[in-house]
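Please take a moment with the sequence and the model shown here before reading on. The paragraphs that follow begin with one helix and then widen to the whole chain.

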Amino acid sequence: MDGDGATWGQPMLEKRPSHRERHFTAGEVVRDVIMGVSDGLTVPFALAAGLSGASAPSSLVLTAGLAEVAAGAISMGLGGYLAAQSEADHYKREMRREQEEIITVPDTEAAEIGEIMSRYGLEPQEYGPVVAGLRRNPQAWLDFMMRFELGLERPDPRRALQSAFTIALSYVVGGLVPLLPYVLVSAAQDAMLTSVGVTLAALLFFGYVKGRFTGNRPFASAVQTAVIGALASAAAYGMAKAVQAR
């Protein structure tokens, strides 16, 4: 035993450096923001370019763009709400079914625990106590089956409203970017050129940030996002010009 009272060969746990695991846990929020901003930047951008191609004045482009942003935000937010609500309803249905199976066929469900554990390389003598422990705790048993058998996580009850608000707000923020030049520049063609520059810069920045959050290559994500937005606006502009020429 040394001067600190620790036995030779025995790890001194109290002196080990503390370890803090840092995991990103806001994936659903980021997904909603990405969905809202990407559509908000692209759709009003394409609409404004198309109207500018049809020689519409800046005031008309701005009015139509703001109307689209409002309608798009409501539509996207409602879609996010319904998707999250459907996910919660699906979880509740599966939970009721799993709960009934635990009550009516407990031995079969206990055998499924063993099958799940064996996938991780555990032997019956190793996972046996775990199975017995779960059988003594029905709620833990149910949570285990929901997660490891069905691959379902318990949804946050506030998720639907949060998703709707996040997507709608992100859509509005993204949609105002390509429309801002039409507020400041009276000539539609000049406003369109300014909008192209501002929106492409925003798409590059957003794509880069998206790549950092999602674990993809940031620069590749930036270029991909900008190209998609540019193609959408170019298609709308060309279509408007073609219709006007006829």
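**One helix, then the chain**

In helix H4 of this predicted model, the residues Tyr-127, Val-131 and Leu-134 are buried. Viewed along the axis of H4, the buried residues fall within an arc of 60 degrees, and therefore they line one face of the helix. This arrangement can be read against the geometry of helices in general: an α-helix has 3.6 residues a turn, so residues three or four places apart point the same way. On the other side of H4 lie Gln-125 and Pro-129, both of which are exposed, whereas the buried residues pack against helix H3 (106–118) and helix H5 (138–149). The length of H4 can be checked as well, because its 12 residues (124–135), at 1.5 Å a residue, should span 16 Å, and its end C-alpha atoms are indeed 16 Å apart.

A single residue further along offers a second close view. Thr-166 belongs to helix H6, which covers residues 159–184, and Thr-166 counts as buried because its relative accessibility is 16%, below the cut-off of 20%. A polar atom of the Thr-166 side chain lies 2.7 Å from the backbone oxygen of Gln-162. Leaving aside residues up to four places away in sequence, Thr-166 touches Val-29, Asp-32 and Val-33.

Seen as a whole, the protein chain has 8 helices and 0 strands, and buried residues make up 35% of its 246 residues. Among the contacts with a separation of 6 or more, 71% are between residues 24 or more positions apart.

An unreviewed UniProt entry lists residues 60–84, 164–185, 191–209 and 221–240 as "transmembrane region". Two of these spans can be compared with the model: residues 164–185 are 95% helix and 0% strand, with end C-alpha atoms 33 Å apart, while residues 191–209 are 100% helix and 0% strand, with end C-alpha atoms 26 Å apart.

How far the prediction itself is confident varies along the chain. The mean pLDDT of the protein chain is 80, and 85% of the residues reach 70 or more. Confidence is highest in H6, at a mean of 91, and lowest in helix H8 (residues 218–245), at 76. Over residues 1–15 the pLDDT is below 50, and this stretch has 8 contacts in the model beyond near neighbours in sequence.

Key: Residues numbered from 1 in each chain as written. Heavy atoms only, no water. Helix = DSSP H or I, 4+ residues; strand = E, 2+ residues; numbered from the N terminus. Buried < 20%, exposed > 50% of the residue type's maximum accessible area, 1.4 Å probe, protein only. Polar contact = N/O pair within 3.5 Å; in protein donor to acceptor, adjacent residues only side chain to side chain. Contact = heavy atoms within 4.5 Å. Expected span 1.5 Å × (residues − 1). Arc of directions from axis to C-beta. pLDDT = per-residue confidence, 0-100. UniProt positions renumbered as here; feature names shortened; annotations may be inferred.
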